[in-house]
Amino acid sequence: MFFQLKEQEPDIVTLYMDVYSTQNLSDFIQLFASSVLGKLDSAPQKAMNRINRFIRSCRPLFTLDELTGTPQITIDVAPANEQTTLGEIFDYLRSSEKRCYIAIDEFQQIAEYPENGVEALLRSRIQFLNNVNFIFSGSKQHVMQEMFFSAKRPFYQSTQIISIDRIDQETYFRFAANFFTKQGRGLDKGTFSYLYNQFEGHTWYIQAILNRLYSYKQSIDTRLIDYAVSAIVSESEYAYEILLAGYSSNNVKLLKAIAKEKRVKEINAGSFIAKYKLKAASSINTAI
């Protein structure tokens, strides 16, 4: 997406930050600062001057990237100054003449912060940035839907919603086959189709298998795909056993039933319950 935006508007600034590892508002602010401060100025000295002009609640530490010369900024945020520092960073963004696109990945993480009102705080700041477009993405779809679809949440109806579906099979095949061709090995369409359909186009699993296949030296066929799947599952066997040990027997029984069925359209259907000798629908709902 950023590549296409840069082709259309060469002068824009595109920035990315992954907040999955942040645990609280202070972590978010420090990551936000290091991701944006200094990135909107062409000259290092100008960047430092602007940062010092706007960031007054804490002392920024400047270093220069050895390859690009771009200032790298870290800040130490005092708990009492968190909201002030966050406001200063937004003021810095607003003062820039450049149009900027900022992608915040795993955005649902902010809902886990111990501080109250973080969503409202960010929403109140973001809405006044006319020169900055934000892209919010997250892997926990139900949490993201709650944040942006619920009328009780601050980000309700504040964005354009885009749902990213599975990658088209033909497009994915050309992408993957190109890597194996460069390696001097082939990946035919039928073999890739076997892999794609086995995981119903789910990118994470397909990429994991393709990565493993790339490390092998023999020709790729469906048997090698099955071997790769088996090897990856075996390597994680102990971790899976630990996970299962944490569930009740009722939960495990339902999980195994779903795994055998592969896709369950009506989880409380009598035919599904009878087929796998499960308990009543109420027990299934509790297990889920």
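Trainee: Which residues form a nonpolar patch on the surface?

Mentor: This is a predicted model, so every value here is computed from it. In it, Val233, Tyr240, Leu243, Leu244, Tyr247 and Leu255 form the patch. Together they have about 570 Å² of accessible area.

Trainee: What makes valine 233 fit for a patch?

Mentor: A patch residue needs over 30% relative accessible area. Valine 233 has 43%, so it passes. The same 43% makes valine 233 partly exposed, because that class lies between 20% and 50%.

Trainee: Where does valine 233 lie, and which helix gives the largest share of the patch?

Mentor: Valine 233 lies in helix H10, residues 222-235. The largest share, three residues, comes from helix H11, residues 237-245.

Trainee: On to charges. How many salt bridges does a search of the whole structure find?

Mentor: The search finds 11.

Trainee: Why is the pair of aspartate 165 and arginine 166 called a salt bridge?

Mentor: The cut-off is a side-chain nitrogen within 4 Å of a carboxyl oxygen. Here the closest N and O atoms are 4.0 Å apart. The pair is therefore counted as a salt bridge.

Trainee: How do you know whether aspartate 165 and arginine 166 are exposed or partly exposed?

Mentor: Exposed means over 50%. Aspartate 165 has 61%, so it is exposed. Arginine 166 has 46%, so it is partly exposed.

Trainee: What makes arginine 223 and aspartate 221 a salt bridge?

Mentor: Their side chains meet at 3.4 Å, N to O. The limit is 4 Å, so the pair qualifies. Arginine 223 is exposed at 66%. Aspartate 221 is partly exposed at 25%.

Trainee: Which salt bridge does lysine 275 make, and what does the pair tie together?

Mentor: Lysine 275 meets glutamate 261 at 3.1 Å, N to O. Lysine 275 lies in helix H13 (residues 270-275) and glutamate 261 in helix H12 (residues 249-261), so the pair ties together parts 14 residues apart in sequence.

Trainee: Why is lysine 275 called exposed?

Mentor: Its relative accessibility is 51%, and the class starts over 50%, so lysine 275 counts as exposed. Glutamate 261 has 30% and counts as partly exposed.

Trainee: Which residues are joined into one network by salt bridges that share partners?

Mentor: Glu119, Glu146 and Arg153 are joined that way.

Trainee: Now glutamine 108. How do you know whether it is buried or exposed?

Mentor: Buried means under 20%. Glutamine 108 has a relative accessible area of 3%, so it is buried. Glutamine 108 is found in the loop between strand E4 (100-105) and helix H5 (118-126).

Trainee: What makes its link to glutamate 106 a polar contact?

Mentor: A distance of 2.6 Å joins the two side chains. The cut-off is 3.5 Å, so the distance passes.

Trainee: Which residues does glutamine 108 touch, leaving aside neighbours within four places in sequence?

Mentor: They are Ser137, Gly138, Ser139, Lys140, Val143, Met144 and Met147.

Trainee: Last topic. Why is the disulfide count zero?

Mentor: A disulfide needs sulfur atoms within 2.5 Å. The cysteine sulfur closest to that of cysteine 58 is in cysteine 100, 19 Å away, so no bond is counted there. The count comes to zero.

Trainee: What makes both cysteines buried?

Mentor: Cysteine 58 has 12% and cysteine 100 has 0%. Buried means under 20%, so both count as buried.

Key:
Residues are numbered from 1 along each chain as its sequence is written. This is a predicted model: local features need pLDDT of at least 70, side-chain atom pairs count only at pLDDT 80 or more; totals for chains, interfaces and linings use all residues. Side-chain values use heavy atoms; hydrogens and water are left out. Patches are made of residues with over 30% relative accessible area and no salt bridge: like charges are joined within 9 Å, nonpolar side chains (Val, Leu, Ile, Met, Phe, Trp, Tyr) within 5 Å. Accessible areas come from the Shrake-Rupley method with a 1.4 Å probe; for residues, only the protein chains shown count as cover. Helices (H or I, at least four residues) and strands (E, at least two) are DSSP runs, numbered from the N terminus. Buried means under 20% relative accessible area, exposed over 50%, partly exposed in between (1.4 Å probe, protein chains only). A polar contact is a pair of N or O atoms within 3.5 Å; within protein, one must be able to donate a hydrogen and the other to accept it, and residues adjacent in sequence count only if both atoms are side-chain atoms. Contact means heavy atoms within 4.5 Å.
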